[in-house]
Protein chains: 2
Amino acid sequence: MTDLTSPGAATAPTKRGRGEKSSATIYDIAKLAGVNPSTVSRALSKPGRVSAKTQKIIEDAAEQLNYQVNPFARALPTGRTQTIGLIVADITNPTFFDIIRGAETTGSARDYTLVLAESAESPETEVTAARRLLSTVDGLILASPRMDDDHIRALSADKPVVVINREIEGVPCVVPDVNKGISEAVRSLAANGHQKLAYVAGPAQSWMTGRRWEGVKAAAEWSKLSAARLESSKPTVDGGRQVAREVLESGATAVITYNDLLAIGLMQELQAGGMRVPDQISIVGFDDIFGADFTTPALTTVRSPLGECGTRAVTILLDVLQGHDAPEEAVSVETELVVRGSSGRLLT
Amino acid sequence: MTDLTSPGAATAPTKRGRGEKSSATIYDIAKLAGVNPSTVSRALSKPGRVSAKTQKIIEDAAEQLNYQVNPFARALPTGRTQTIGLIVADITNPTFFDIIRGAETTGSARDYTLVLAESAESPETEVTAARRLLSTVDGLILASPRMDDDHIRALSADKPVVVINREIEGVPCVVPDVNKGISEAVRSLAANGHQKLAYVAGPAQSWMTGRRWEGVKAAAEWSKLSAARLESSKPTVDGGRQVAREVLESGATAVITYNDLLAIGLMQELQAGGMRVPDQISIVGFDDIFGADFTTPALTTVRSPLGECGTRAVTILLDVLQGHDAPEEAVSVETELVVRGSSGRLLT
DNA sequence: CCATCCTTGTCAACCGGTTGCCAAAAATTG
DNA sequence: CAATTTTTGGCAACCGGTTGACAAGGATGG
């Protein structure tokens, strides 16, 4: 365990005259070990470039001085910062929590630090934030970016960029393959006697909302169900409540929503209006966010492995940084239906 | 809007021979403006040190070259990075989501970038992460830290540190004042005819769990209720389910839990066992996390303004960085009872 | 035993800013 | 108009590493 209490009082680095504790530099080590600073640099970062003997001496000295590289001094000539940036559209949206966590954990395991920024759903803010981050990180991950393809390609030309939840020609992407999960959902609904399906769409600028609708449409066709597309005002609990009336009017007995928040809001509003879920209407959400199982009944949902998306994105990014090639095709991660209580047999 | 497409082809900075786009330096600007690099540096960072005329010339040149400072080059001599670190105990714990968001938003507004790390509830990991971050950020925020006071003080001696959700002598802290919220909760329960109260505690190493218990005990005494303390295995939904039996056996008709997750798990388990909430038992959570209103009935809870904690912590940190003094006392933010459906009159 | 090659450490330049010190230029004052 | 003070810009050192070029030292081979 790192010992924080001993500032190495014996052979203090002593740089600033005052009592300030400043960390040791490679020059301090060099002096202590009796070699040239550049040798220290090599010993510490170029394995094999220095004889085992000197290596040992230098490492001991470094240890004794409690040396830590100054990341900025290193970054200046090399450009490498051991840092990756992550930009999410909305920090409050739980969809991103898992992505953040996956990215942080994976990065951390490979000694990279995560730098986080939010675009607040604004394409302009996103571009600005991306530009700002790009200069200080080794690579960038964009989760559900709102800016247009060209901007992303421009960033990508500068430094490695990986995109989550969207496919962009020429940029490595990690995208949940919605088809599997959706067909499971639709098949399950069909098996339970449903015939009229509704899809509640998300925001127009989200690439995913269209993708999911296509999946639903195709699966419904295959299972010989009818499918109607309804629009929501915003992809939140509130938005879900607001679309409830439309859902009822559509006559659908099963609803798949763009995301879980919509599903939860919709369910709350329908239940408040006296509808029984799932007896009278089945509701299936999307993503399996935190809290999806807090509802009564618990929400059936198509799980997107968001955490894995974060993990994969970081992995790809770090691989690219190490000189590997990025996957040509978008990397797809599997989705699956999680059956809970909000969907089931129709009991009219 | 930032124009990403024009790399300034006309007067390209031209540094690396190859087609690589490297951004312009102050030397490029100096040449273009016909002044010394140091003058450029001053014009760009020391307002007033340079005559208005030269200032203008330099700014124009910078604009034309699409100049951006190199943060590392600046950080090297100054130590300033325009960056703050945030360490949370558990990224998956929704309690921290709001803190993260508050911190990111506030920092961003004052042109600071947020660097995020997780300790995975381990004191050792936390110390390591803190050490690693500390060297690259201007200041550090520790949310519900798990390491001991001395380690925190050691960090604090190095660079400004602000702690959230814990009080430590000599370190600026932001702590929700639980008393107001708790007394509201207990008074409300007493008014609803409850007499036996139980408190479900959280993890022992959490400073907050004790604090909350004391609040509950004091408020119960004041309102002439009995209060029993029960232990949970872990502060999660699962932990809540596991403690349900004990709660029943305690004979309490009202429960206050260390956090919302426990409350939600507890409620699910009790309901699964046939108990009616709130008719037979009232449940009050803590924090008002995302999803607390997804349950049926929606959870009554003592809201901790976590987002505000993040905001306040960043504000204090940046103030300190600007030379202001840190508040002597721990800054306390108000908690309040949010009455929803899970608490109410006892109907036996 | 000397020529040759490989290993290993040193020198010095460089990354891109910041800043103390000084002198030239401008402004103020008598 | 000269003397003095205040601005303003330039010089050069420095932050703490990295790295190409090179030479000294050691091992190997003929």
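**Note on the protein–DNA contacts**

1. A base oxygen of DNA strand D has a backbone N or O atom of B:Pro77 at 3.5 Å. The model in which this pair occurs is predicted, and every distance in this note is to be read with that in mind.

2. Strand D has other contacts, made at its phosphates. An N or O atom in the side chain of A:Lys46 is 2.7 Å from a phosphate oxygen of DNA strand D. A:Ile26 also reaches a phosphate oxygen of this strand, at 2.8 Å, but with a backbone N or O atom.

3. Which residues come nearest to DNA strand D? They are A:Ser41, A:Arg42, A:Arg74, B:Thr39 and B:Thr54, out of 29 residues around the strand. Of the atoms of DNA strand D that come within 4 Å of the protein, 51% belong to sugar and phosphate.

4. The surface near DNA strand D draws on both chains. In chain A, helix H1 (26–33), H2 and H4 each supply at least two residues, and in chain B, H2 and H4 do so. The most comes from H4(A), with 5 residues. By residue type, this surface has 11 nonpolar, 11 polar and 7 charged residues.

5. Turning to DNA strand C, 29 residues surround it. The closest are A:Arg49, A:Thr54, B:Ser41, B:Arg42 and B:Arg74. Sugar or phosphate accounts for 56% of the atoms of DNA strand C within 4 Å of the protein, and the rest belong to bases.

6. Two arginines of chain A approach the bases of strand C. A polar side-chain atom of A:Arg49 is 2.6 Å from a base oxygen of DNA strand C. For A:Arg42, an N or O atom in the side chain lies 2.8 Å from a base oxygen of DNA strand C. A:Ser51 meets the backbone of the strand instead: a polar atom of its side chain is 2.9 Å from a phosphate oxygen.

7. Which helix gives the most to the surface near DNA strand C? It is H4(B), with 5 residues. The helices that each supply at least two residues here are helix H2 (37–45) and helix H4 (71–78) of chain A, and helix H1 (26–33), helix H2 (37–45) and helix H4 (71–78) of chain B. The residues of this surface divide into 11 nonpolar, 11 polar and 7 charged.

8. For a reader comparing the two strands, the helix that gives the most is H4(B) at DNA strand C and H4(A) at DNA strand D.

Notes
Residues numbered from 1 in each chain as written. Chains lettered and ligands numbered in written order. Predicted model: local features only at pLDDT ≥ 70, side-chain atom pairs only at ≥ 80, totals over all residues. Heavy atoms only, no water. Near = heavy atom within 4 Å. Polar contact = N/O pair within 3.5 Å; in protein donor to acceptor, adjacent residues only side chain to side chain. Helix = DSSP H or I, 4+ residues; strand = E, 2+ residues; numbered from the N terminus. Nonpolar A, V, L, I, M, F, W, Y, C, P; charged D, E, K, R; others polar.
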